[in-house]
Structures are given as C-alpha cells and as structure tokens.
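Visitor: Before we discuss this entry, could you show me the chains, and then let me ask how the labels attached to them are justified?
Guide: Certainly; here they are.

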Protein chains: 2
Amino acid sequence: MVDQKIYTASTTAPVNIAVIKYWGKRDTALNLPTNSSLSVTLSQKDLRTHTTASCSASFESDTLHLNGELQNISGPRQTACFRELRSLRAALEAADPSLPKLSTYKLHIVSENNFPTAAGLASSAAGFAALVRAIADLYELPQNPTELSRIARQGSGSACRSLFGGYVAWEQGEKIDGSDSLAVEIAPASHWPDMKAAILVVSAAKKGVSSTSGMQATVATSSLFPHRARVVVPQRMEEMIKAIKERDFETFADLTMKDSNSFHSVCLDTSPPIFYMNDVSKAAIRVVEELNRVSGRKIAAYTFDAGPNAVIYYLEKDEALVLGVLKGGLEHVPGFAVSGTAAIPEEYDASFLEPLKEGITRVILTGVGEGPISVKESLVGEDGLLLKK
Amino acid sequence: MVDQKIYTASTTAPVNIAVIKYWGKRDTALNLPTNSSLSVTLSQKDLRTHTTASCSASFESDTLHLNGELQNISGPRQTACFRELRSLRAALEAADPSLPKLSTYKLHIVSENNFPTAAGLASSAAGFAALVRAIADLYELPQNPTELSRIARQGSGSACRSLFGGYVAWEQGEKIDGSDSLAVEIAPASHWPDMKAAILVVSAAKKGVSSTSGMQATVATSSLFPHRARVVVPQRMEEMIKAIKERDFETFADLTMKDSNSFHSVCLDTSPPIFYMNDVSKAAIRVVEELNRVSGRKIAAYTFDAGPNAVIYYLEKDEALVLGVLKGGLEHVPGFAVSGTAAIPEEYDASFLEPLKEGITRVILTGVGEGPISVKESLVGEDGLLLKK
C-alpha cells in the first residue's frame, strides 16, 4: 500500500540588504559572482517570506504558490534548487533504508510575503531562502546554513545571504563548480543588535532593467567594472568585516555609502547606461549627507539596490535625530508612524527634504534581525492544497 | 613725451565641448590634468566670445569688462595669463628696442558673449581663449596656438582647446612645470565639416558643484577614478583620434557616450557623490539610445559636461532623422526652428521624449567650427573705455 501521508515543514526567511553589493556574475547558470558581498539581514517582523514545503506520494506534480498565485517553476533556478535538495535527501535515504522515500515524491510549496512582492524589496532573496530552508527541514537534511547557501545561491544569488541572521558575507569562491561560493555569518544579530534601517519606497514610473540582465551588461561593457570587482571590493570587504566586528558605525556607514555609489557608478558606466536611482533617490542621498555634515560624524548611511528605493542604516542611539530629520519630509507617508523624535538641527538645510514629500510612497522602519525560523503554522492544508484565507 | 596712443586688437573665440572629458588635476595652480582630453570646437555663429584687448601708457590699471560688467581680475588665473603674455612681449621688446613698450602698459580688456554666460555653456573656455588670443595679437606675439595654449590653460583648463578649430586634443604632458601640457589640432573643421551638434539646455533648480572643486573631490575620494585616468582614457584617446582621422562616426559616437558616462560615473563615485545629470538629462540619454537602437547603427551621440545640459552630436546626412525625432519633444522650445525633418520611425518609443517637453528650456543647433578669428570690430572706444551699446 502506498504511503498517502502528507509531510510538511514550514519556515519564515528574512530579506537582506547588501552594504557591499553583488553585481556581476562569472557564471550565470550557477550564479557565481565576480566579487564577494556583505549584507545585513532585516527583521522578519517587518519583512519576511513564510513558506511551507510539503510532499506526498499522492501529489502528482511539483507546484509553487506565491501569495495565492500558481508560479511557473520550470525555470532553471527553481529546477536547480529542487534537484540539489532531492539529491541530498536521496543520499540520506540510501544510507538508511527505513526512511520514507521523500526524494521521490512531488513537492507542493506555498509561500506568502508580508510585503508587496514587486516593490523592489529583495523579495527573491527571502523567497529562495525560505524555499530552500523549508525543503531542507522537510527532508530533515543535516547540512548547515552555509552548505545550504550553495543551493539557495542557484535560485537567486543574494538568497544565499538570507539563510543567516545578522551580518552575512557571501564569499565569491574560486572553484569552477561554485562549491566554495558560500554564505558565512560574520556576526549574529545579537553582536550588534542596535542597527536600524529605514526603507524609503520610491514610486518609480517604470520598472528599470532587471538585475540579472543589468549586471551582465555591466560585465560585458563597463571599463570601470573590472577595477571595482578586482581591486575596490576585496579591500572594502576586509574593512567592512573589521568595522562590523568592532561595531564601528562611522566606518560601516562610510563603506556602505561608498559601495552603493560605486555599484551605481558601474551601472552608469554600462552601455547603454543603467540608471536605478532617480531624482528622488538623489534627494534621499542629500538628506543623509546633510545630516552627517551638520552632525560632524556619520550617523546614517544610505544604500540603493537595483531600484530607486533608499535604505538608510543608523544606530538606535541616533534614532530620535535621524527620524526627526526624516519627519520633515515623511511625516504623512504611510509607515512613518514615529514618536519621540528630535527637532531638525538649526544648521540643517531642510530644502533637501522637499523632494521626499511627493516622491516617497511608503516607509518601513525596521532593523537587523534573525535568520530563517522554523514555524508551526502551515500554509498547506490536510488535503495537500494551499489553505485559502 | 609719453606715448598716449591706444593699441587694440580684437578676436572672437569659440566654445568647445569635450568628447573625451577633462576631469581631475595633478597641479591645481597650473591646471595640469590627470588625463588627456579631446573636444570638438563649435561654430562661432552660434556661440562665441568677442574680446578686444587694448593697452596704453595712459591707462592706470588693468581692467576686464565682461558683458558690460567690470570683473575681478585679481585672481591667480587672470594674473597668470597677464604675466605670461607680458613676459613674452617683454622678450620681443628686449630683442628689438624700436618696439613700443606695450609690456609695461596697463591693459583694458572688454569681452562679450553672444550667449548667456551662466547657462553652463563652457563660457570660461571661450572667454580665456579669446583673452589670450586678443592680447597675443595686441602684442604681436610670434607664438603659435599650441604655444599659447600653455597660457590659456592656466586661465581655465579647457580654454586651451578653444585656441583651435575642428578636433582638438589637450595632451596631459608629464613635466612638473606643465610646459608639455598643450593643445594640438587633431584635424581641422574642414576635415570633417558635417559634424553637427544640438545643445539641449536643461533648467536646473540649483547650480551644482563647481567643476574645480568637484574634480578635486573626485581625485581625493573616488576609488574608480585612478583606473579611469590611468587605464581607460589613454586607450580611448587613441581610439578617438583614429575615429576622427577616419571620419568613423559610429566609433566616435560610441566613445563619446562611453566617456561621458565614465566621467559622470567617477563623479557619482565621489564622496559625497556629485550629480550633474538629472532626470531630464537621463531622458535625453534614453532618447538618443532609442534612436540608435531603432536605426540599427549609432547615428547620434550624447555628452554631458559638469551640468545637466545635453550636447548631441550627429552628422549632417542624418539631420532630418535626428531632428525629426527630437521635434517630438522640442517642437515648441526656443531655438528649435527647423524644417524638412523626417517622421519619427514607427518602432521608436516616443514616451522617452515626454520629459523633454517640460525639462528643456532652450535648444542651440550648431556644428563644428573654426578657431579664434581676428576681427576689426573693437569693443574699446577711442577714449580707451568700453563702448556703450
């Protein structure tokens, strides 16, 4: 008699925002990068993907639902993750014949984000990290997060960093098969828990160039890019790791802003040029630079991914001042519900705040957080189908 | 008895727009650059400075009027030009005692631009080129334009290129005293006379960082800049000179756009980042990139100096098409009076033209032109004062 049991495992996984940017692949199939990168994992209270992985001999095909919608999973990215995870499970089953043959069953995956998928909020990183973590839990795989990061990377490069909380490096590796291109924890969230992040969501008229095609165009055409990848980033990685270990926010901020600008520089140096930041993004840069100028020290750091949204890092001790300044431009923007802020310093040029009033559509106030968390709540019902809400 | 005669010489000098950009000084006093650059001299029919240099034993002090306003000439830039030119005249006088001692007389200089000075149209280049050329003519100096370029460079770096018409390189030189940092003619205007330029003047809310302070901030802080100056530009200079000699517009266009983007990349890589282009500038880039895409060849090339204005180079044979497309966004903009344009190609994405409608305040349609021209019309009256108009 065939085993009709439905096996499930559920997890949540976080978004991460890089402070040393991933841009450029040396192998597009394996998502092997041209330089190492480093990110801060953000709190799942504000941004997370919740995923349930289930399998059963009774399932007829692999499926993935995201926010209630059936997704196409025939692409090489999803296929690679499923194949690699099944292969690890099959090895367990071969070593212990008493184990159920989950590796041969079809998978039903159900995912939900607690934030808008398309807002340019690194949803694919959280999504693939949750997918890999949930299936690994379903299969009871013994591999640690670094070992699993090799698989998540093949789904979406930056997803490998979302398998850890806190401060996470993705080491580029050197091997052709990518087996040494892995995520490692530089420091847990508890090492430097007072790191805060304000995400300023910028309304963009049009979606820009996708990061996948954008980074390949940069690799192919930018004459400044090789210098960034080979010379600038390796040195910056070392300095950033040291800054995080020493909880040196000024250096962290300086490197974060420099690396964001360096990444957007090589985008501009691409033919045709790629622009992810717009005039509102630039206004956010000026707001932060002016804040640091009048403060006489770096108390905030902006960074921009492949889109116009600003992420501003700062420490909890400076929150009243940072949010007090931002309040001048963001007071009525959804998500900016704060109290106990400081007044804008007298010498501050508040004209820099003006473009934010019209240009920012939403604010998310969050901070550093934990890696994937195993949860009880299943998104798959007892019938093996997604639960309707 | 003292010679009361008023000696005068008048010249006009052109604007030039670089296609390989000057950005970064290795010596700020002498205006010695960190890389060579190359420009196209634009026609004086549309953009020129007219300057009369006069001197007399009866003049009591050196003066400079620009557009009717007395200028401060105590700065090191003006002082250097006056000193160097007087020194060359003094050498002539020492060799031939019959010459009047003009080197000992005070100078009255009067200049007028036929375009708005502050619109970011490279007025300082034309201004210092006209100043040096007019005084050299007044002093009857035997030095050729390359020799005079050493002096004009000390007034304003890019002014050295405005001493020639056509296609002009400024060779960076290696010597500490700057004696080999000179402008040379790559090809006269007559070599490739069908080069056209459309200048799109963008309204900028605020004047950005001055190029003098901006380039020094880039040299001091950008980690991509040394690679641009040492590796990228030297190779690009060679390719550009070859393209001009061979009248190869596609290569000319490709290098022009790449070098403009490279220059703005190292501005963005500066701490704090420098932005000269705004969203309207970027729209102009997209308009040109789209035109080249649908044309299947590079028929136009954009370039941006230290400001938001776009300069678009194209050949006369493509004028109907280039202006036909631009007409879709610029028809009602002052200066855009054209006839006989082609229709916008069907596959062209005309939405790229929308931001130009509000963002461009003026258009100047011009082309490659001649170097400084000696003229009869004097801006100084018989009393040694500026002529009132």
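Visitor: Why is Cys55(B) not called part of a disulfide with the closest cysteine sulfur?
Guide: This is a predicted model, and in it the closest cysteine sulfur to that of Cys55(B) belongs to Cys81(B) and lies 16 Å away, which is too far for a bond, because a disulfide requires the two sulfur atoms to be within 2.5 Å. Cys81(B) is likewise in no disulfide, the nearest cysteine sulfur, in Cys160(B), being 11 Å away. Over all chains, the count by this rule is zero disulfides.

Visitor: What makes Cys55(B) count as buried or exposed?
Guide: The relative accessible area of Cys55(B) is 0%, and buried means under 20%, so Cys55(B) is buried. Cys81(B), also at 0% relative accessibility, counts as buried too.

Visitor: How do you know what kind of axis relates the two copies?
Guide: A turn of 180 degrees with a shift of 0.0 Å along the axis lays chain B on chain A with an RMSD of 0.0 Å, and the copies are therefore related as by a two-fold rotation axis. The same surface serves both copies, since 100% of the contact residues of chain B recur in chain A. Among the residues of chain B, Ser265(B) comes closest to the axis, its C-alpha at 2.2 Å.

Visitor: What makes up the contact between chain B and chain A?
Guide: Each chain gives residues to it, 31 from chain B and 31 from chain A, and together they bury about 2,400 Å², 58% of it on carbon and sulfur atoms. Between the chains there are zero salt bridges, whereas 10 residue pairs are in polar contact.

Terms used. Residues numbered from 1 in each chain as written. Chains lettered and ligands numbered in written order. Predicted model: local features only at pLDDT ≥ 70, side-chain atom pairs only at ≥ 80, totals over all residues. Heavy atoms only, no water. Buried < 20%, exposed > 50% of the residue type's maximum accessible area, 1.4 Å probe, protein only. Least-squares fit on C-alpha atoms with pLDDT ≥ 70 in both. Contact = heavy atoms within 4.5 Å. Buried area = accessible area lost by both parts, 1.4 Å probe. Salt bridge = Lys/Arg side-chain N within 4 Å of Asp/Glu carboxyl O. Polar contact = N/O pair within 3.5 Å; in protein donor to acceptor, adjacent residues only side chain to side chain.
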